[in-house]
Amino acid sequence: PARSLKNDLATSSFDTLRDLLGRALATERPATLWGQASELQDDSWDLALTAKGLLDTARLLDGRYHLVMTNVPYLGSSRQHADLKRHCEANYGDAKHDLANVFVERCLELVLSKAGLVQVVMPQNWLFLARYEAQRTELLKTRQWLLLAKLGAGAFETIGGEVVNVILLTLAKSSPSAASKISTIDASSTRTSLAKAQSLKDGGLVEISQAAQLKNPGCRVLLSEFDASTGNLGMVAESLRGVVNGDNEKWLKNWWELGELTSRWRYIQQAVKETSQFAGRSEVIDWSTHGDGMLRPGHGNSTLGRPGVAVSRMQGLYCTFYCGELYDQNTAVLCPRDPRLVPALWTFANSNEFREAIKQLDTKVGVTPATFLEIAFDKARWESEAQESFPSGVPGPFSNAPTQW
């Protein structure tokens, strides 16, 4: 409210207007108790009460507090009303992608300059998603993070059938120092709200360096130390988004539905539901328009025609060898710049370390292709291990399953 205050009666100080309304209400309304006519009719009386309530609200929103604590509302920008979306974009550019993040910034405005604290319950995906990098960077540089507790899914007893991964976050308005630590606790592995509550009471706090978070890929906030001293996957490989056709029923068919595969059809690699050397090859895509009419056909994808490893982006991160065909949006292709690294990438992608590395950076259901390139990759080690598994190199494409082209 203070942003639009002016020196006139309509937007005068809240206290001035509130006192004027209070005197008017006290003078006019009691007359009706004795059956006498009131100068304020019922509609006017209701409007006056509403005005008084709005002024009380505005006064509260213009105040400054030692502590602001709330479970913020969650609403992505794509679902926001146009007026709300415009307001968020104009006033909270870095946080505009979700109302929850806008509320964090708004709550910080409500606290005192140095002594104020903000404590919120909010979704955890902003800790690692790329579109929130600017907000993460700014908050890590300018606000002291005191406590970060990951609750994960199942934190709310009243929400059934939904997966809402949330965190508890305490921020101080004061600026951090180089030695500032964030106290963290991870209760995300427990499944019920009661178990999570007990974990918060009994679990040990782990301190992490706030300044070190700025050195993580994309300034992601990680509860454990990120070590990329041996280099990351992006130094040796590419991973680009696959074909987003927008209408599977229109563009895709099982290969055996067609009498013959004419030049109209192209093979398409799809995400696999379990790790297998050659799988996810049951469908073909109508390429008669060369992708025109699809949402994002991926023209100019430099990984096409090159060997690599296809990883399912959803939970499980199952793998299959990639042989250069078109691939769908649910598949992340790890395509090495040097094709001789394919065995090493396969060996790494099938290790527990690979899954733990991804989980450390991104706990979203669908991992983005760019995230794979940010995980640490010890090239020499995985080349050595691959030599034991594939002494004669990667096998040629083969499957005895009749569903596979």
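Start by selecting R306 and E238: their side chains meet in a salt bridge, 2.7 Å from N to O. The model is predicted, so keep that in mind as you go. R306 lies in the loop between strand 10 and strand 11, and E238 in strand 7, so the pair ties together parts that are 68 residues apart in sequence.

**The sheet with strand 7**

Stay with strand 7 and show its sheet. Four strands form an open sheet in the order 7-14-11-12, paired antiparallel. Strand 7 (237–238) and strand 12 (319–322) stand at the edges with a single partner strand each, so one side of each has no neighbour in the sheet. Now select strand 11, residues 308–312, which runs antiparallel to strand 12 and is joined to it by four bridges. Pick V311 and look across to C319 in strand 12, which stands opposite.

**The second sheet**

Next, show strands 8, 10, 9 and 13. In that order they make an open sheet of four strands with mixed pairing. The edges are strand 8 (252–254) and strand 13 (326–327), each paired on one side only. Between strand 9 (residues 265–269) and strand 10 (residues 283–286) there are four bridges, in the antiparallel sense. Select Y267 to find one of them: its bridge partner in strand 10 is V284.

**The largest cavity**

Select R241, G242, V243, P297, G298, N301, L304, L326 and Y327, which line the largest cavity. Its volume is about 40 Å³. The lining has five nonpolar, three polar and one charged residues. The count for the structure is two cavities of 30 Å³ or more.

**Helix 5**

Move to helix 5, residues 133–142. Its buried residues are Q135, R136, T137, L139 and L140. Show what covers them: helix 4 (99–110), strand 3 (144–152) and helix 7 (210–213) are included.

**More salt bridges**

The whole structure holds nine salt bridges. Select R220 and E374, whose closest N and O atoms are 2.1 Å apart. R220 is in the loop between helix 7 and strand 7, and E374 in the loop between helix 11 (369–372) and helix 12 (379–389), 154 residues apart. R220 is buried at 5% relative accessible area, whereas E374 is partly exposed at 21%.

Finish at E353 and R381, a salt bridge with closest N and O atoms 2.6 Å apart. E353 sits in helix 10 (residues 352–361) and R381 in helix 12, 28 residues apart. Add E385 to the selection: salt bridges with shared partners join E353, R381 and E385 into one network. E353 is partly exposed at 39% relative accessibility, and R381 is partly exposed at 31%.

How values were computed:
Residues are numbered from 1 along each chain as its sequence is written. This is a predicted model: local features need pLDDT of at least 70, side-chain atom pairs count only at pLDDT 80 or more; totals for chains, interfaces and linings use all residues. Side-chain values use heavy atoms; hydrogens and water are left out. On a 1 Å grid over the protein atoms alone, a cavity is a set of points where a 1.4 Å probe fits but cannot get out, and a pocket is an open set with protein on both sides within 12 Å along at least five of seven lines; lining residues have an atom within 4 Å of a point. Grid points are joined across faces, edges and corners, and a volume is the space filled by probe spheres set on the points. Ala, Val, Leu, Ile, Met, Phe, Trp, Tyr, Cys and Pro count as nonpolar, Asp, Glu, Lys and Arg as charged, and the others, Gly among them, as polar. Two strands pair if DSSP finds at least two bridges between them. Helices (H or I, at least four residues) and strands (E, at least two) are DSSP runs, numbered from the N terminus. Buried means under 20% relative accessible area, exposed over 50%, partly exposed in between (1.4 Å probe, protein chains only). Contact means heavy atoms within 4.5 Å. A salt bridge is a side-chain nitrogen of Lys or Arg within 4 Å of a carboxyl oxygen of Asp or Glu.
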